[in-house]
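Biologist: I have not met this structure before. Could you walk me through it, one question at a time?

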Amino acid sequence: MASNAEATPAAPPQLGLWDAVSIIIGIVIGTSIYVTPSIINGHLHSPTEVMVLWTVGGVLCLIGALCYAELGTAYPRMGGDYVYLTKAFGPWFGFQFGWAQLAVILTASIGMMGFAFGDYAVKLMGLSESEAAPVIKVVLAVLAVGGLTAVNIMGVVMGKHTQNVLSLTKVIGLGGIIVAGLVYGKPDGAWVASKATESVPSYGVALILVLYAYGGWNDAAFVAAEMRNKRQIPTTLLLGTGGVMIIYLLINAAYIQALGFQATQGFNPSPIAARSAGVMGEWAAKSISLLVMISALGAINGLLFTGSRVCSALGTEYSLFASLGRWHPKFGSPVWSLSAMAAIAIAMILGVGTEIGQGLIDSALGTMHIGPMPWKKYFGGFDTLFAGTAPVFWFFFLLTGLALFVLRENDKATRRPFLVPLYPYTPTIFCAMCLFGLYSALDYAGLVSLIGIVPLLIGVPLYAVSRYRPQLAEGEQPAAEPKSETPPWLAEQPAAPPVPAAPPPSEPAAPTETPAAAPAPVASSPLASATAPLPATTDFIPLPSAPVPVSPTSEEPEPPPEENPFASFK
């Protein structure tokens with residue numbers, strides 16, 4: 001079992017404003033922006049619809065960022081959603097969220113980004129047609145995850161510097177695509193509307209893909225405890241999400257300007273970013289593969305950095321996962337959380353990203369009389385993994401939105417440095433977005449959603465055998481009453497300075513007139529005890545062993561302790 005010293009970061013908070021913004025940019029801008037715009041445009045009719053839809057998606061994410069800003073400043077502890085769900089709905093929901101992040105959501109995302117890194121690395125080396133290409137992809141994916149895990153184990157400073165470099169390189173590369181498209185693109189007819197591949201625009205499908213491209217902006221809440229200035233949490237979320245929104249609008253405008261709207265519609269094996277940069281020459285098109293690789297590495301590093309803090313919080317409070325809460329005494333990093341996430345992600349790469357792994361999974365399903373996974377339906381193994389884990393992601397996203405309402409009502413005593421504007425309309429819009437995402441993800445995944453649901457079911461017995469040990473944040477008061485046999489109204493008396501009772505003006509105090517007597521009986525009510533003179537010492541006077549005269553009124557049963565109005569928050 002981890003000790004308290006092992007379960008907390010060894011170093012003081014070291015993340016500044018731009019470090020946290022860099023984490024958001026690094027996680028959000030993964031590989032989707034280089035590929036999915038052409039699929040999104042295939043469901044729309046005009047460039048105007050494209051720009052409006054990306055704007056709507058960005059605004060919805062900004063609304064979500066406002067909700068997270070209130071929660072993050074009210075509860076600036078390590079773990080983000082894990083803390084909010086635990087406080088709002090109880091330990092079981094927090095445990096399920098932490099377990100889902102470890103077993104499904106974050107590790108699956110890391111695995112997908114690792115496989116994307118290997119895929120584009122093979123393309124850059126010109127080995128796509130080689131027979132060894134599948135093996136090379138897997139090897140490179142494993143090396144990417146393992147290498148960045150080692151970097152983060154070396155400490156927060158090393159991890160954040162790596163993230164800053166990768167995010168800056170990514171933004172510079174995207175800036176190159178924007179310049180190439182807007183400056184060297186063809187202006188004639190580029191923004192002309194055309195008939196889409198469907199008779200009616202599929203705004204719902206297009207919006208869910210847009211929201212997927214924006215996914216990850218909330219992960220900065222996981223590292224709130226490691227920010228030097230907790231008041232900058234709202235600024236971090238809004239700057240990061242708003243910055244990504246501006247980049248996405250510019251990059252989509254560059255795609256349309258470079259290729260023309262019709263050429264951006266529909267699935268194409270060549271990424272839209274490569275085709276857009278191709279207006280500057282073949283070298284520019286090839287450089288997109290390098291840019292996608294850098295983006296994938298930035299996403300892996302950011303997911304490892306933030307996700308390990310959720311797993312560490314889980315280990316801090318649950319004995320079964322106590323090792324996850326241990327931090328390296330020298331490097332000040334959650335070494336076991338990082339190692340566990342890397343191991344699960346690599347297992348997913350080997351199991352879902354290879355034909356051998358897919359065969360083993362199908363064989364295991366066959367023993368349970370379940371049909372094989374429809375791998376080809378979702379364009380390969382890792383797209384299948386995304387389809388299966390998306391419903392779990394949106395489910396917990398929705399719970400976090402509902403937690404804002406619950407905590408506003410039930411935890412009014414907690415100070416909130418930031419309040420979401422236009423409450424309750426703003427969080428209601430956020431919850432509606434999450435409901436839409438959950439419905440769309442379930443409708444799209446179907447039976448494949450079992451990939452995410454089954455691990456959640458496994459978490460039920462794990463919670464039953466794990467002992468909950470709530471940890472207090474710095475300066476937080478314990479929710480449980482102190483274990484003492486002394487009545488609560490007596491136990492609280494020493495905290496207040498004793499105030500001697502003033503003698504009545506008409507009858508001056510006469511010490512000689514007060515004969516020695518047995519100690520007075522215990523007051524029968526809290527008010528009587530509070531008004532009685534206190535001894536000079538702050539220690540309680542022990543009750544005498546001899547019988548004490550009892551007044552007739554003291555035969556009544558002792559009044560129960562006053563009800564603690566915050567007992568429901570334990």
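Biologist: Let us begin with the aromatic rings. Which residues join Tyr-68 and Trp-217 in one aromatic cluster?

Modeller: Happy to help, and please keep in mind that this is a predicted model. Tyr-68 and Trp-217 belong to one aromatic cluster. Their partners in that cluster are Tyr-84, Phe-393, Trp-394, Phe-397 and Phe-430.

Biologist: How many aromatic pairs are there in the model?

Modeller: Two rings count as a pair when their centres lie within 6.5 Å. By this rule the count is 23 aromatic pairs.

Biologist: What is the geometry of the pair Tyr-68 and Tyr-84, stacked, tilted or edge-to-face?

Modeller: The centres of Tyr-68 and Tyr-84 are 6.3 Å apart, and their planes meet at 75°. This pair links distant parts of the chain, with Tyr-68 in helix 3 (residues 47–74) and Tyr-84 in helix 4 (residues 81–89), 16 residues apart. Planes over 60 degrees apart count as edge-to-face, so the Tyr-68 and Tyr-84 pair is edge-to-face.

Biologist: Is Tyr-68 buried or exposed?

Modeller: Buried means under 20% relative accessible area. Tyr-68 has a relative accessible area of 1%, so this residue is buried.

Biologist: Where does Trp-217, which forms an aromatic pair with Tyr-68, lie in the chain?

Modeller: Tyr-68 and Trp-217 form an edge-to-face pair, 5.3 Å centre to centre with 85° between the planes. Both Tyr-68 and Trp-217 are buried. The two are 149 residues apart: Tyr-68 is in helix 3, while Trp-217 is in the loop between helix 8 (203–214) and helix 9 (233–259).

Biologist: Now to the charged side chains. Which residue has its ring under the charged end of Lys-123?

Modeller: The charged end of Lys-123 is 4.5 Å from the centre of the ring it sits over. Elsewhere, Arg-309 lies over the face of Phe-305, at 4.2 Å from the ring centre. For Lys-123, the ring is that of Tyr-120.

Biologist: Why does Thr-162 count as buried?

Modeller: Thr-162 lies in helix 7 (residues 156–184). Leaving aside neighbours within four places in sequence, Thr-162 is in contact with Leu-148, Val-151 and Asn-301. The cut-off for buried is under 20%, so Thr-162 counts as buried because its relative accessibility is 19%.

Biologist: How far apart are the end C-alpha atoms of helix 6?

Modeller: Helix 6 (residues 133–153) has 21 residues, and at 1.5 Å a residue it should span 30 Å. Its buried residues include Val-138, Leu-148 and Val-151. Just after helix 6, Gly-155 takes a positive phi of about 130°. The end C-alpha atoms of helix 6 agree with the expected span, at 30 Å.

Biologist: Which residues touch the most other members of the largest nonpolar core?

Modeller: The largest nonpolar core has 130 residues, and helix 11 (residues 282–317) gives the largest share, 16 residues. Apart from this core lies another of eight residues, among them Ala-108, Met-348, Trp-375 and Leu-385. In the largest core, the residues that touch the most other members are Trp-54 and Tyr-248.

Biologist: And for the whole chain, how many helices and strands are there?

Modeller: The chain has 570 residues, of which 49% count as buried. The chain exposes about 27100 Å², with carbon and sulfur atoms supplying 67% of it. Its secondary structure comes to 18 helices and zero strands.

Key:
Residues numbered from 1 in each chain as written. Predicted model: local features only at pLDDT ≥ 70, side-chain atom pairs only at ≥ 80, totals over all residues. Heavy atoms only, no water. Phe/Tyr/Trp six-rings, centres within 6.5 Å; stacked < 30°, edge-to-face > 60°. Helix = DSSP H or I, 4+ residues; strand = E, 2+ residues; numbered from the N terminus. Buried < 20%, exposed > 50% of the residue type's maximum accessible area, 1.4 Å probe, protein only. Lys NZ or Arg CZ within 6 Å of the ring centre and 35° of its normal. Contact = heavy atoms within 4.5 Å. Expected span 1.5 Å × (residues − 1). Core = buried A, V, L, I, M, F, W, Y, C linked by side-chain atoms within 4.5 Å. Areas by Shrake-Rupley, 256 points an atom, 1.4 Å probe, with all protein chains shown as cover.
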